[in-house]
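Trainee: I am new to this structure and would like a close look at a single part. Could you walk me through the part at the C-terminal side, and how it sits relative to the rest?

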Amino acid sequence: MRLRNWLFHNFREVSRIFGFEEVDFPVLESEALFVRKAGEEIRDQLYCFEDRGNRRVALRPELTPSLARLVIQKGKSVSLPLKWFAVGQCWRYERMTRGRRREHYQWNMDIIGVPEVTAEAELISSIVTFFKKIGITASDVGFKISSRKVLQEVLGSYSVPENSFGKVCVIIDKLEKIPVDEIKKELKLVGMSEVAIEELLQVLSIKSLEKLEEVLGGGGEAISDLKRLFFLAEKFGYSDWIQFDASIVRGLAYYTGIVFEGFDREGKLRAICGGGRYDKLLSTFGGDDIPACGFGFGDAVIVELLKERGLLPELSQQVENIVCALDQDLQGAAASVATKLREKGQTVDLVLEGKPLKWVFKRAARINAQRLILVGSSEWQKGMVSVKILSSGEQYEVEVGKLE
Ligand SMILES: OCc1cccc(Br)n1
């Protein structure tokens with residue numbers, strides 16, 4: 001819990017310095033919010049059930065659909081752009097045999113109402129800021145960046161049904177996770193010709209914008225968006241964190257433009273975070289077509305990375321005072337001393353029952369107490385308590401009113 005609080009505190013601090021407002025959504029949503037037909041894993045693993053009102057509901061597997069629903073619900077009562085963040089528990093239903101978690105927490109930041117890639121550049125800047133804040137550098141992690149418009153421009157020259165686009169992206173996201181023959185088979189099933197598949201796989205292997213421009217030709221939005229993003233990255237100061245990689249499409253069907261994912265340069269871990277532009281999501285929920293982009297950053301892989309890099313913070317309990325009555329008829333006196341200190345904003349562990357001093361010293365060491373305050377009858381008669389500084393062993397008596 002100390003590690004989680006440390007991590008979430010850093011998520012929130014970065015969100016705050018970027019001027020984002022915190023939002024939250026119900027962990028239980030209508031199943032319909034997540035029922036997409038693009039073959040996504042997140043759909044296959046939906047933690048859904050029928051509730052006592054015979055409603056089909058689901059534990060949310062991600063936060064973005066809830067955010068979209070909230071933006072629509074707010075409608076004209078909020079002015080754009082919206083810069084919202086959330087840290088929320090998300091669920092999936094996986095066979096436990098795989099020893100993977102069914103719940104995790106995800107930090108999300110989203111910018112709603114900005115069509116320019118400045119929004120994506122800002123979001124990546126916030127993640128870089130977070131990494132730097134916890135001691136991760138550009139030699140530890142990077143961001144692979146592409147745009148789904150690359151895919152659109154390639155598929156556009158073949159007659160691939162518009163409603164297959166999301167499915168094609170979900171299949172391509174499995175590159176390097178399943179054999180390429182399996183990828184080709186699935187692409188054929190959604191209506192792509194062999195020629196189209198070959199050219200697509202060729203384009204997806206491109207790792208430089210210059211090469212991509214040669215293949216796609218100038219003038220397309222994919223190239224101009226990406227060039228703009230790399231220009232802004234240089235101005236934000238995180239050029240050495242990012243690289244173009246045409247194979248990055250991300251596994252969520254609703255992305256429509258720039259997509260990115262954070263990866264560990266040693267290649268041992270799954271993606272650390274990921275996000276992109278989703279300009280059509282709000283309109284699929286019956287709203288207007290409001291441009292939006294955002295990312296999700298889970299609390300699992302980042303902890304594995306910190307362990308790998310020896311960057312887990314040393315987190316132990318700290319209290320300033322442990323207060324103890326030396327006999328039970330002074331328990332009330334000890335309570336009043338604890339209250340005085342707490343009212344001054346000091347942390348106090350009050351010993352709540354009669355315990356031998358040996359036990360009190362052991363507890364003081366375990367909770368890293370700085371001071372031991374003993375309430376004894378002879379001192380109390382004089383309105384005093386005895387204070388022991390546990391690091392130095394220094395001991396003195398002080399008037400209760402002068403305790404600070
Ligand atoms: O990363 C996808 C995901 C979604 C919900 C819960 C967990 Br654990 N993981």
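Mentor: The C-alpha centres of domain 1 and domain 2 lie 53 Å apart. Domain 1 covers residues 1–309 and domain 2 covers residues 319–399, with bounds that come from an automatic or database domain assignment. This is a predicted model, in which local features need pLDDT of at least 70 and side-chain atom pairs count only at pLDDT 80 or more, while totals for chains, interfaces and linings use all residues. Residues are numbered from 1 along each chain as its sequence is written, and side-chain values use heavy atoms, leaving out hydrogens and water.

Now for the sheet you can follow in domain 2. Five strands make up an open sheet with mixed pairing, in the order β13-β12-β14-β15-β16. Its edge strands, each pairing on one side only, are β13 (348–350) and β16 (395–399). From one strand to the next, the twist averages 25 degrees. Here helices (H or I, at least four residues) and strands (E, at least two) are DSSP runs, numbered from the N terminus, and two strands pair if DSSP finds at least two bridges between them.

Helix α13 (residues 331–343) packs on this sheet and touches β12 (319–325), β13, β14 (369–375) and β15. Contact means heavy atoms within 4.5 Å. The direction of α13 makes about 165 degrees with that of β13; axes are lines fitted to C-alpha atoms, for helices over the stretch in contact, and angles run from 0 to 180 degrees between N-to-C directions.

Let us finish at the edge formed by β16. Strand β15 (residues 384–389) runs antiparallel to β16, and five bridges join the two. One pair to look for is valine 387 with its bridge partner in β16, tyrosine 396. The hairpin of β15 and β16 has five residues between the strands, and glycine 393 there takes a positive phi near 85 degrees. As you trace the strands, remember that side chains in a regular strand alternate between the two faces of the sheet.
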